[in-house]
Amino acid sequence: MNIHEYQAKQLLAQYGVNVPFEIPAKSLAEVRPAADKLVAAGSAKVVVKSQIHAGGRGKGTFKTGFQGGVKVASTIDEAVGFAEKMLGNVLVTKQTGADGRQVQTLLLAAGAKIKKEFYLAVLLNRETSRPLIMASTEGGMDIEEVAEKHPEKIFKETIDPAVGIMPYQARKIAAALGLKGDLFNAGVMLITGVYNTWWECDALMVELNPLAIVELADGQETVMALDAKISLDDNALYRHKNIQDMRDLNEEAPLEIEASKFNLNYIKLDGSIACLVNGAGLAMATMDIIQHYGGNPANFLDVGGGASKEQVTAAFKIILSDPNVKGIMVNIFGGIMDCNVIATGIVAAVKETGLKLPLVVRLEGNNVAAGKQTLAESGVAIINGDSMADAAQKIVKAVGK
Amino acid sequence: MSILVNSQTKVLVQGITGSFGAKHAQLSIDYGTQIVAGVTPGKGGQFFEHGGKKVPIFDTVADAVKQTGATASAVFVPPPFAADAILEGADAGLDLVVAITEGIPVRDMVRVKRALQGNRKTRLIGPNCPGIVTPGEGKDSHGGCRIGIAPGYIHKKGNIGVVSRSGTLTYEAVWQLTARGVGQSTCVGIGGDPVNGTSHLDVIKLFNADPETTGIIMIGEIGGSAEEEAAEWIKANCKKPVAGFIAGATAPPGRRMGHAGAIVSGGKGTAAAKIAAFQSAGIGIAITPSEMADTLLKMM
C-alpha cells in the first residue's frame, strides 16, 4: 500500500525525523487558515503541493490546462489561488498515465531556502535478505539515472536485522553525504529515524528525495525531509491500525478494489484479451503467451487455488467492466480442485453475465474429461483450447476477426 | 535417489487442525507419505484421524520430533504465527521445514532468515510455496513424499528435477513431463516471496549432485535476481542439461503480479534480463510455457 506525502511525513516525525512545518488541507476552506499559520510562523513563502500517489507532480499538468502540481506562492492570496486551481482537479504526471489522478488533498508548506539536496532511502536488499540504506549526494534527481551513470555517487549500508541500525552506521552515511558539525549530528539522528520508520512500520520502501540542508528564517541551517514517499507491506497491515486508516481508495483502480472484495488478484492492463487464471505464475505466463501469439493482455487475474462459482462469476463481471475487452481466455490447471466444478462455474458465469464475446477455455488436471463434457454440453458458445499455446492462438484469432 | 525427501521421510504437519492443513495432511496420507505427527498448541494428546490412520498431535514440535522421529515439517499456520512456527521447527532440529503459508510479512521473514543464518541442520523451503514432491513407484506416483499442496497424481517417478517460484507453473511443467512419459526425481516449489529460505541456486546444486537426476527444469519469474545467480553458477558448474522459463515478460513495471516478490522495480528484475542470463549460461529457453518439457527433452 502507498500513502500520501503528508502521511509519510507524519509517520517519519513519530520516529524523530525532522520534517518541515506543513499543514494538509482537504477543502478550500482549510487553505487560507493553513497559509495564515505558515506566514505567522515566519515563512515568507507558501508552497502548495498536490497530494497524489505518483511522482513528477511538479512538472505535471492539470486536465484544465493549469501547469504544475507543486507551486510556490509569495502571498496568502496567491496560495489560495493555486489551491483553487488544484483541489478537485485531475493532475497528469509522467507516472499517472493519461487518466491522471484527482487531487483531493493539498499540503501547504513553509517555503524553504534549500542549500543542498540529498537522496536517502531504506529498502529490502533481496540478495542478502537484509535492510539496505541507500544515500546519495545527488538529491532531487531520478535515482535510477544516478545509479546507472554515477554508481560511485550512491553509498550503501546494510543493516543487520538482529542488531538494528547502529550509530556508527548512521555516522558513516552522514559522512558520505559530507555533513559537518551540527548538521552531521542532526543527520545521524535523521538517518536513524528513517531506518526506524522503515522497520517499525513494516515499510517496503522509505524514500526521501530530497533530503535537504535548509536555511531557516533565523539563518540557522538544518537537515530535513523535504519530500517523502513510503510504501508499506500489505501483509503486515494487520498489525498497524493507524496505517490502515491512511488507505486512500481514491488512488486505487475501482476494478481492483472490487476484485479484492472477492479475494481476486486483478491488475488492469490496456490490451483487449482478458484472462482468468488460477495461480500467479500461470497468470503471468498466460499474459505472456497471449502477447507471444500477437494479442495484448487486458489484465492480470489470479483467482487463487480454490476458485468457487461465486469467484468465477465475480471475475467475469470485473473482466467485462473493462470496455477494451474483446475476448476472454480462461486458463485453469486444476491440480487439487475438480475441473468439473470450475467448468460448472464458468457456464453459470457465462449465462449470468450474458457473455457475447469469444471465450476460449483451456482446462487441465483433475477430472478434466468431465469438465470438458460440461462445457461442451452447456449450450454456451465456448471454444476449447487443448493446451495453453492452442488456447492463446485461438483467442488471438477470434479477437482479430 | 531424489533430493531432500524420499518415501521414508517422516513428516509432521504444523497447523494440522486448521482446515487448510487438515485437507492437505489427508491428501499426503492418501498419497502414501509418512505423516507421523501433527502440531497444534493446546491440542497435544489428541489424534488426527484419516483413512484408518491415527496421527498423534503434539503441543510442541520438539515433543513431536522426540516421540515420532520426524525430520521434516509442513507449515500451514496463519501468517501472523508462521515465523514462530518456522523457527520452532528449526529449534527442534528438523532437517527440512517447508512453509506453505502465504502472506507472511517481509519483516518477519527477514528476522527468520537472520535467525537461520549459520544453521547447518535445518533447511527452509518457502514460504508462499506449493512444497516439495518426490514421486513414488505406485500408481499415479503413489508412495512418494508429498509435503505441501501440490497434486500428487500428476507426478511420475523418474529423473527430471523441477524447481520453480510458482505453484501452478510447476504443475504445468510436471504435467507436460508426465504426459510425455517422462518422470521426475524431485519437484521443489521455492515460493513467490521476496525473502525465502531456499533459492533456485540451492536446489540446482542439489540436483547437480544427485546421481539420479539427469535433467533440470528451472522456472522463474520477474523480480529479484535469483535466476541470474543460478544461471551464472550453471554456466560454470552444472553438468546436466537445464531448460528454463521466465514468467512476466508482459508485466507492467512497479506492479506486484500476485506474488509478493514478482515486481520489476527500478528497472531491476525484468524478464528480459533473466532470459538473457539463461541464454548466456546455455540454458534452453522455453519461448512459451507450453514448451517447458519439450525444450528440455530436445536437449537430452
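This passage describes the predicted model of a complex containing chains A and B, from its overall confidence to the contact between the chains and selected strands of chain A.

For the complex as a whole, the predictor reports an ipTM of 0.93 together with a pTM of 0.94. In chain B the average pLDDT is 96, and 100% of the residues score at least 70. As a general caution on such values, predicted coordinates should not be read in detail where pLDDT is low.

Chain A contains 13 helices and 19 strands, and its C-alpha trace spans about 80 × 50 × 40 Å along the principal axes. Of the 401 residues in chain A, 46% are buried. When contacts in chain A with a separation of 6 or more are considered, 69% of them are accounted for by residues 24 or more positions apart.

The contact between the two chains draws 43 residues from chain A and 47 residues from chain B. On the side of chain A that touches chain B, at least two residues each are supplied by β14 (265-268), α9 (280-292), β16 (299-302), β18 (359-365) and α13 (388-400) of chain A. The largest share of this side, eleven residues, is contributed by α9(A). Sorted by class, the residues of chain A that form this side comprise 22 nonpolar, twelve polar and nine charged residues.

Two of the strands that supply residues to this side, β14(A) and β16(A), are also joined to each other by four bridges and run antiparallel. Within this pairing, A:N265 stands opposite A:D302 in β16(A). Strand β16(A) is covered on both faces, with A:N299 and A:L301 buried on one side and A:F300 and A:D302 buried on the other. This arrangement can be set beside the general pattern that, in a regular strand, the side chains alternate between the two faces of the sheet.

A further element of chain A is an open sheet of three strands, in the order β3-β5-β6, with antiparallel pairing. Because β3 (61-62) and β6 (101-102) of chain A stand at the edges and each has a single partner strand, one side of each is left without a neighbour in the sheet. Strand β5 (residues 90-92) of chain A is joined to β6(A) by two bridges, and these strands run antiparallel. Opposite A:V90 stands A:Q102 in β6(A). In general terms, the strands of a sheet pair through backbone hydrogen bonds, in either a parallel or an antiparallel manner.

Terms used. Residues are numbered from 1 along each chain as its sequence is written. Chains are lettered from A and ligands numbered from 1 in the order in which they are written. Two residues are in contact if their C-beta atoms, placed from the backbone, lie within 7 Å. Ala, Val, Leu, Ile, Met, Phe, Trp, Tyr, Cys and Pro count as nonpolar, Asp, Glu, Lys and Arg as charged, and the others, Gly among them, as polar. Two strands pair if DSSP finds at least two bridges between them. pLDDT is the predictor's confidence in each residue, from 0 to 100. A residue is buried if 20 or more other C-beta atoms lie within 10 Å of its own, exposed if 12 or fewer, and partly exposed in between; C-beta atoms are placed from the backbone.
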